[in-house]
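I opened my notebook to keep track of what I looked up, one entry at a time. Come along and check each entry against the picture.

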Amino acid sequence: MENSEGVKIESTVVTEEPLISALDIALFVVIITVAYFWYFKRDKQSSSSEKKPYTIQPSSLSSIEQTSNSSFIKKLKSTGRSLVVFYGSQTGTAEEFAGRIAKEGARHKMKGMVADPEECDMADLVEMKEIQKSLAIFCIATYGEGDPTDNAMDFYEWLQNGDADLEGLNYAVFGLGNKTYEHYNEIAIYIDQRLEELGATRVHEIGLGDDDANIEDDFVSWKEKLWESVCSHYGIEETGEESNIRQYKLVDCSEVLPERIFSGEISRLKSYENQRFPFDVKNPYLSKIAVNRELHKSGDRSCMHIEFDIDGSKMRYDTGDHVAVYPKNSSELVDKIGELLNADLDAVFSLLNTDEESSKKHPFPCPCTYRTALTYYLDITSNPRTHIMKELIEYASDPKDQEKLKLMASSTPEGKKEFHEWILRDNRNIVHILEDLPSVKPDLDHLCELLPRLQCRYYSISSSPKVYPKSIHITAVLVNYTTSTNRVNKGVATNLLAQLIPTNDELPQPTIPIYIRRSQFRLPPKSQTPIIMIGPGTGLAPFRGFIQERDYARKEGREIGEMVLYFGCRKKDEDFIYENELQEYVANRTLTKLHLAFSRDQPEKKYVTHLLEQNADELWNIIGEKSGHLYVCGDARSMAKDVHSIIVKVVMEKGQMTNSQALNYVKKMEQQKRYSADVWS
């Protein structure tokens, strides 16, 4: 067919089709399905995201609550308080002192509260000036080699790195230290000076408590003068004699279900039945005792080698670290308290803080039985402090007992003398006091409030994780001694450990709660660096781990530096611990030299310090000419001090330095971690 222009046109037949085909319908369904899926999935994710901090991640909620509760300023303002007492505590003593100061604030028209710096936003100190006649007091312990306690670490670093304007902040500081340590009260002294540098006003001079002497006496003397300064500074007067106001109230929990009652757990209920990593001071690991053997060959003393099984715990340690062991009091002493006070030790109770704003609701995990509290949570073997004497007065029915307690609770010279002789020298604990003052019958719940918390015991780890990754070894001397009143006092932890003997049968193995505490007591980074180790008695413990680690490196084909060990004990045939191991390390040349001092194997006593004086050339060769490292472990009161003096003398003589230059040289060694000490008093 052509049109008028001659163009050919193709003719097609067109048939009618529906407006929406089957394919269109299929595509439409797919699109709707995808859209529906995308929309509702997004909505679900959005909803999930919104609820996440509250339901899916409860830890976030804890974080939010902690943040909202971290402002101590808000608590002070909302409760009409003007006094806050912060504590830096490793063993609980600083916390106890802080509580006593806060309690006494009421006598001076200053309502107080106790605060843990770890749980507070310490930057809020700049706002203390907004509170009329406010005062911040710091009870701060120095721990280890001049370190802050764990809970004061963040505050210490904030002071070091910050430059907050603290003008208007009124403060006072009491330090808890030990003069046998080189860095005596170093943290408290730093905080006292740093607060002044930042513009704060010191209301009273710093107090320095010495735990090697009588820290209770130091604290009481400082506290009395503190309140005199406070009254003078603020122009206030005491309201009168201090009254014994209870901080906690007794709650009867006899109706509480058994599964809600604590039975010795440190923090979380049923934590020993349902163990959760990570393990720390508030969440210890329940470890099996794998080995418990005697190290002494003879004699009437005992030294135990104990191995804790940590297989499957995910816990890791480094050579030189410490392990904390949670002990429990003997059932004999616990039962004695029940008998003396005619109390039902199996009654379930709780102590609830009368201060509703306090973050510390209970003095220990509650509810529990009195037996549990006295066994796991309260220290019933240490010497009670004077404030406990004061609180016991009202429970004495005999005037003579009452007068004796009043005298020991006083700060008079006669009172201090009586307290020192009757409590400290005679080494009386609360059980002995109740026995010797029979008319004193305190309410058991009040006694539980007064007694300090039972603390974990720390031991130097005597193994290397390279050799023993699944176990932790310790070396512990059994503590037993007779007091002047002919009573036998026993070490809480070591006497418990002595009873935990693993068996070879299918019975459950004995267990004990532990956790690992990091240490700065470390081998040099390079295995070639020569080292000198000085560790008499159980001071050998960490060096056993050092030697194991170097021996492991040697067996791997790595070069290791000289290792010189100074070890001393009483008699070679009695208490030369790990003798075979040490001789084997000498034979394979891992241990270059082993200097031994047996103090009682000859007429004149011979100690490791005598050997050090004889080997001045060897000492200087390693620490002076070869820049080696020197380590000391053991008694801080005498041995460590004597070693330090000898090292300074060696540096003077062999390094041809003056006394001042030698002291600076040794100080530099300490700063470079070339001179390290792991000591105890």
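**Entry 1: A helix across a sheet**

I started with helix α21, residues 639-654, which lies across β19, β22 and β23. Against β22, I noted that helix α21 runs at about 150 degrees. I should add here that I am reading a predicted model.

Next I wanted the sheet itself. In what order do the strands of this open sheet stand? I wrote down β21-β20-β19-β22-β23, five strands with parallel pairing. At the edges I found β21 (593-598) and β23 (675-680), and each has a single partner strand, so one side of each is left without a neighbour in the sheet. On average, neighbouring strands of this sheet are turned by 10 degrees against each other, direction ignored.

A reminder to myself: strands of a sheet pair through backbone hydrogen bonds, either parallel or antiparallel. I then picked out one pair, β19 (residues 531-534) and β22 (residues 629-635), which is parallel and held over four bridges. In β22, His629 is the residue that stands opposite Ile531.

**Entry 2: The chain as a whole**

I stepped back to get the overall numbers. The chain has 22 helices and 23 strands. Of its 681 residues, 49% are buried. I also looked up contacts between residues at least 6 apart in sequence, and 75% of these join residues at least 24 apart. The exposed area of the chain comes to about 34,500 Å², with carbon and sulfur atoms supplying 49% of it.

**Entry 3: Salt bridges**

Side chains of opposite charge can pair when their charged atoms come close. How many salt bridges does the structure hold? I noted 42, and I looked at a few.

My opening example was Glu96 with Arg100, whose closest N and O atoms are 3.3 Å apart. Both sit in helix α4 (residues 93-104), four residues apart, which means about one helical turn separates them. Are these two residues buried or exposed? Glu96 has 16% relative accessibility and counts as buried, and Arg100, at 10%, counts as buried too.

Then I turned to Arg202 and Asp192, whose side chains meet in a salt bridge of 3.0 Å, N to O. This pair links distant parts of the chain, with Arg202 in strand β6 (residues 201-202) and Asp192 in helix α6 (residues 186-197), 10 residues apart. Arg202 is partly exposed, at a relative accessible area of 28%, whereas Asp192 is buried, at 6%.

Another pair I followed was Glu549 and Lys466, which meet at 3.7 Å, N to O. Glu549 lies in helix α16 (residues 541-555) and Lys466 in the loop between β14 (457-460) and β15 (471-477), so their bridge ties together parts 83 residues apart in sequence. Here Glu549 is buried, with a relative accessible area of 18%, while Lys466 is partly exposed at 41%.

I also found a network of salt bridges, linking Lys336, Arg425, Asp426, Arg428, Glu435, Asp436 and Arg487.

**Entry 4: A nonpolar patch**

Which residues make the nonpolar surface patch of about 220 Å²? I listed Val467, Tyr468 and Tyr552. Tyr552 is in helix α16, the helix that also holds Glu549. At 31% relative accessibility, Tyr552 counts as partly exposed.

**Entry 5: Two residues and their surroundings**

I looked up Ile206, in the loop between β6 and β7 (207-210). Ile206 is partly exposed, with a relative accessible area of 23%. Which residues does Ile206 contact, leaving aside neighbours within four places in sequence? I wrote down Val173, Ala188, Ile189, Asp192 and Trp222. Asp192 was familiar from the salt bridge with Arg202. As for Ile189, it is 17 residues from Ile206 in sequence, and the C-alpha atoms of the two are 7.5 Å apart in space.

My last stop was Ser350, in strand β12 (residues 348-353). Ser350 is buried, with a relative accessible area of 6%. Not counting residues up to four places away in sequence, Ser350 touches Lys249, Leu250, Val251, Cys253, His362, Cys366 and Pro367.

How values were computed. Residues numbered from 1 in each chain as written. Predicted model: local features only at pLDDT ≥ 70, side-chain atom pairs only at ≥ 80, totals over all residues. Heavy atoms only, no water. Salt bridge = Lys/Arg side-chain N within 4 Å of Asp/Glu carboxyl O. Helix = DSSP H or I, 4+ residues; strand = E, 2+ residues; numbered from the N terminus. Buried < 20%, exposed > 50% of the residue type's maximum accessible area, 1.4 Å probe, protein only. Patch = residues over 30% accessible without salt bridge, like charges linked within 9 Å, V, L, I, M, F, W, Y side chains within 5 Å. Areas by Shrake-Rupley, 256 points an atom, 1.4 Å probe, with all protein chains shown as cover. Pairing = 2+ DSSP bridges. Axes fitted to C-alpha atoms, helices over the stretch in contact; angles between N-to-C directions. Contact = heavy atoms within 4.5 Å.
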